[in-house]
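The following exercises concern the overall form and the nonpolar interior of a protein chain. Please work through each task before reading its solution.

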Amino acid sequence: MAVSATRPLDTAALRADFAFLEELVSGKPLAYLDSASSTQKPRQVLDRMRSFYEHEYANVHRGVYRLAERATEGYEAARRTVAGFVNARAPREVVFTRSATEALNLVAYAWGLENLGPGDTVLITELEHHANFVPWQFIASKTGASFRHIPIDDLGELRLETLDELAQEGPIKVVATGLVSNSLGTINPIERLAAWAHEQGAIMVVDAAQAAPHRTIDVQALGCDFLALSSHKLCGPSGVGALWGRAELLEAMQPFNLGGEMIRSVGLEKTTFNELPYKFEAGTPAIAEAVGFGAAIDYISEIGLPAIEQHEHDLTVYAMGRLSELDWVRLFGPPAERRAGIVSFDVEGIHPHDVAQILDWEGIAVRAGHHCTQPLMARLGVSATTRASFYLYSIPEEVDRLVDGLHKVKKNLG
Ligand code: 7TS
């Protein structure tokens with residue numbers, strides 16, 4: 001299957017790559033509208049992992065025998081693929097982690113503990129996923145730094161006019177923000193924030209977990225210093241993610257986890273550490289998963305990120321249009337032009353968990369909850385929302401089924 005970036009996605013051909021679409025739930029075809037939580041996996045990724053396990057598998061960076069060399073080559077090829085995917089200057093700027101969460105913890109601990117102190121400010125946003133919120137809050141409290149946030153407006157967009165006021169409160173050392181909000185889909189102006197962060201003498205940390213699957217990522221154009229992503233959100237396996245960091249910053253940092261290949265030499269008196277990127281990869285990594293991550297990037301890159309983004313945008317416009325026909329449904333977040341393929345809403349008088357439960361009986365999978373963004377939920381004045389999210393295999397008929405399902409929810413519980 002080859003789809004040009006300029007042509008619409010051939011969803012019928014793409015959907016044939018995904019076995020999960022053959023599943024029936026309550027006797028109905030599954031409408032999987034929860035790709036922001038995790039995406040489904042195409043056969044190409046699963047085949048690559050199976051073939052790697054069958055023909056190329058051994059531990060990496062250790063053996064001198066042929067199989068270990070093959071495994072190491074597969075693992076390092078995946079690193080080169082991730083590096084190319086985010087336009088890193090070199091593969092050594094890419095560290096494999098367990099997840100985007102671990103990547104963000106790595107920066108907060110390894111950079112934050114050394115570089116933050118009383119009087120400094122860590123700035124996050126009111127939109128953040130807990131993975132880019134709690135580690136900074138924790139490290140700020142450990143180091144005595146203050147922890148502040150960029151507020152949002154009623155549409156869920158950052159109030160950039162507050163930046164200068166925030167800067168007056170003390171030196172800002174870190175600006176940490178998501179590129180795309182997992183709860184509202186808001187797309188944040190990272191280039192502008194990165195330029196501003198650097199004017200303040202701060203580093204710019206980008207959580208791209210929710211952006212990398214859907215739009216082209218270029219760390220050099222974004223102007224950031226660190227960027228985190230996860231494999232499982234872009235058609236790859238779970239258990240692996242990546243941190244991209246500027247080499248000079250990674251070089252200057254202390255390791256995060258200790259043991260295994262991240263070590264150069266160990267003595268009773270002193271231990272020295274390996275070079276980048278191995279310094280940050282302790283223990284046996286998720287080897288076949290990294291290879292699957294690379295295969296997933298190849299898969300979505302061949303389809304074309306611009307085409308995926310356009311497809312999701314069209315679905316979002318359609319979904320927001322259809323949902324706004326229901327005057328008992330309240331939509332959260334910015335207009336479709338300024339958001340990714342995520343639609344969070346509230347059904348008047350019915351708890352999101354009940355909404356999701358009834359939709360499940362109709363074979364429709366949506367997420368209900370706070371989506372690991374409790375400060376955002378507080379700002380919106382709700383404890384939870386129902387969230388539909390799209391990916392390259394999503395189709396308008398699934399949006400129609402969602403709307404029909406919501407009519408049933410309203411009839412049963414409204
Ligand atoms: N950052 C963002 C913006 C996310 O959406 C998520 C996961 C993470 C970080 C953490 O990624 P992980 O791979 O380390 O788990 N978001 C969601 C979600 O929206 N529903 O389930 C997981």
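Accessible areas here come from the Shrake-Rupley method with a 1.4 Å probe. The model is predicted.

**Exercise 1.** Determine how much area the chain exposes and what share of it carbon and sulfur atoms supply.

*Solution.* The exposed area of the chain is about 16800 Å². Carbon and sulfur atoms supply 50% of that area. As for burial, a residue counts as buried under 20% relative accessible area; 57% of the 414 residues meet this criterion.

**Exercise 2.** Establish whether the radius of gyration of the chain agrees or disagrees with that of a compact globule.

*Solution.* Begin with the expectation: for 414 residues, a compact globule would have a radius of gyration near 22 Å. The chain has 22 Å, so the two agree. Next, consider the box filled by the C-alpha atoms, which is roughly 70 × 60 × 40 Å along the principal axes. Finally, among contacts with a separation of 6 or more, 71% join residues 24 or more positions apart.

**Exercise 3.** Locate the largest nonpolar core relative to domain 1 and domain 2.

*Solution.* First, this core has 82 residues, and I217, L227, L234, I300 and L392 are those with the most contacts inside it. Second, helix α10 (residues 287-303) contributes eleven residues, the largest share. Third, domain 1 (11-37 + 305-413) and domain 2 (46-301) both give residues to the core, which therefore lies between them.

**Exercise 4.** Identify which residues I217 touches beyond four places away in sequence.

*Solution.* I217 touches F85, V86, N87, L179, A208, A211, A212, L222 and L227. A second, separate core of 32 residues includes A108, V122, A131 and I139.

Conventions: Residues numbered from 1 in each chain as written. Predicted model: local features only at pLDDT ≥ 70, side-chain atom pairs only at ≥ 80, totals over all residues. Heavy atoms only, no water. Core = buried A, V, L, I, M, F, W, Y, C linked by side-chain atoms within 4.5 Å. Buried < 20%, exposed > 50% of the residue type's maximum accessible area, 1.4 Å probe, protein only. Helix = DSSP H or I, 4+ residues; strand = E, 2+ residues; numbered from the N terminus. Domains from an automatic or database assignment. Contact = heavy atoms within 4.5 Å. Rg over C-alpha atoms; globule rule 2.2 N^0.38 Å.
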